[in-house]
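Open the model in your viewer and keep the sequence beside it. The stops below say what to select and what is there.

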Amino acid sequence: MSITDDNQDKIKQGDRVNARINTALKGIRFGSVVLTIHDSRIVQIERMEKSRFDDLYLENGEGI
């Protein structure tokens, strides 16, 4: 494998990671995306999404 091939492989891996991050970010309104990094490499992507119910309340304003 030449240096150019190695660089192409790294670019392809980077593109795959970027695509996964973009997928995790799509459509999220409230929450977080956490990247776990080991030895300068992304090894895990977590998506935590929260649902907010601001418009749900009782007549006395007590909430759910």
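The tour goes from the whole chain to the helix, the strands, a pocket and a surface patch.

This is a predicted model, in which local features need pLDDT of at least 70 and side-chain atom pairs count only at pLDDT 80 or more, while totals for chains, interfaces and linings use all residues. Residues are numbered from 1 along each chain as its sequence is written, and side-chain values use heavy atoms, with hydrogens and water left out.

**Whole chain.** Colour by secondary structure. The chain has one helix and two strands, in the order α-β-β along the sequence. Helices (H or I, at least four residues) and strands (E, at least two) are DSSP runs, numbered from the N terminus. Of the 64 residues in the chain, 5% are buried. Buried means under 20% relative accessible area, exposed means over 50%, and partly exposed lies in between (1.4 Å probe, protein chains only).

**Helix α1.** Select D6 and K10, which lie four residues apart in α1, about one turn of the helix. Their side chains meet in a salt bridge at 4.0 Å, N to O. A salt bridge here is a side-chain nitrogen of Lys or Arg within 4 Å of a carboxyl oxygen of Asp or Glu. By this rule the count comes to two. K10 is exposed because its relative accessible area is 52%, whereas D6, at 34%, is partly exposed.

**The hairpin.** Now select β1 (31-38) and β2 (41-49). These strands pair in the antiparallel sense over eight bridges; two strands count as paired if DSSP finds at least two bridges between them. Pick S32 and then M48, its bridge partner in β2. Follow the chain to the turn: β1 and β2 form a hairpin with two residues between them, and D39 in the turn has a positive phi of about 50 degrees.

Next select G31, in strand β1, together with R47. Their C-alpha atoms are separated by 7.6 Å, although the two residues are 16 apart along the chain. G31 is partly exposed, with 46% relative accessibility. Add E49: the side chains of R47 and E49 meet in a salt bridge at 2.7 Å, N to O. Both count as partly exposed, R47 at 35% relative accessibility and E49 at 45%.

**The largest pocket.** Which residues line the largest pocket? Select D6, D9, K10, Q13, G14, V17, S40, R41 and I42. The elements that give two or more residues to this lining are α1 (3-25) and β2, and α1 gives the most, with six. About 230 Å³ of space lies in the pocket. On a 1 Å grid over the protein atoms alone, a pocket is an open set of points with protein on both sides within 12 Å along at least five of seven lines, and lining residues have an atom within 4 Å of a point. Grid points are joined across faces, edges and corners, and the volume is the space filled by probe spheres set on the points.

**The nonpolar patch.** Keep I42, which lies in strand β2, and add L35, I37 and I45. The four form a nonpolar patch on the surface, with about 300 Å² of accessible area together. Both β1 and β2 give two or more residues to the patch. I42 itself is partly exposed, at 35% relative accessible area. Such a patch is made of residues with over 30% relative accessible area and no salt bridge, with nonpolar side chains (Val, Leu, Ile, Met, Phe, Trp, Tyr) joined within 5 Å. Accessible areas come from the Shrake-Rupley method with a 1.4 Å probe; for residues, only the protein chains shown count as cover.

Definitions and conventions:
Patches are made of residues with over 30% relative accessible area and no salt bridge: like charges are joined within 9 Å, nonpolar side chains (Val, Leu, Ile, Met, Phe, Trp, Tyr) within 5 Å. On a 1 Å grid over the protein atoms alone, a cavity is a set of points where a 1.4 Å probe fits but cannot get out, and a pocket is an open set with protein on both sides within 12 Å along at least five of seven lines; lining residues have an atom within 4 Å of a point.
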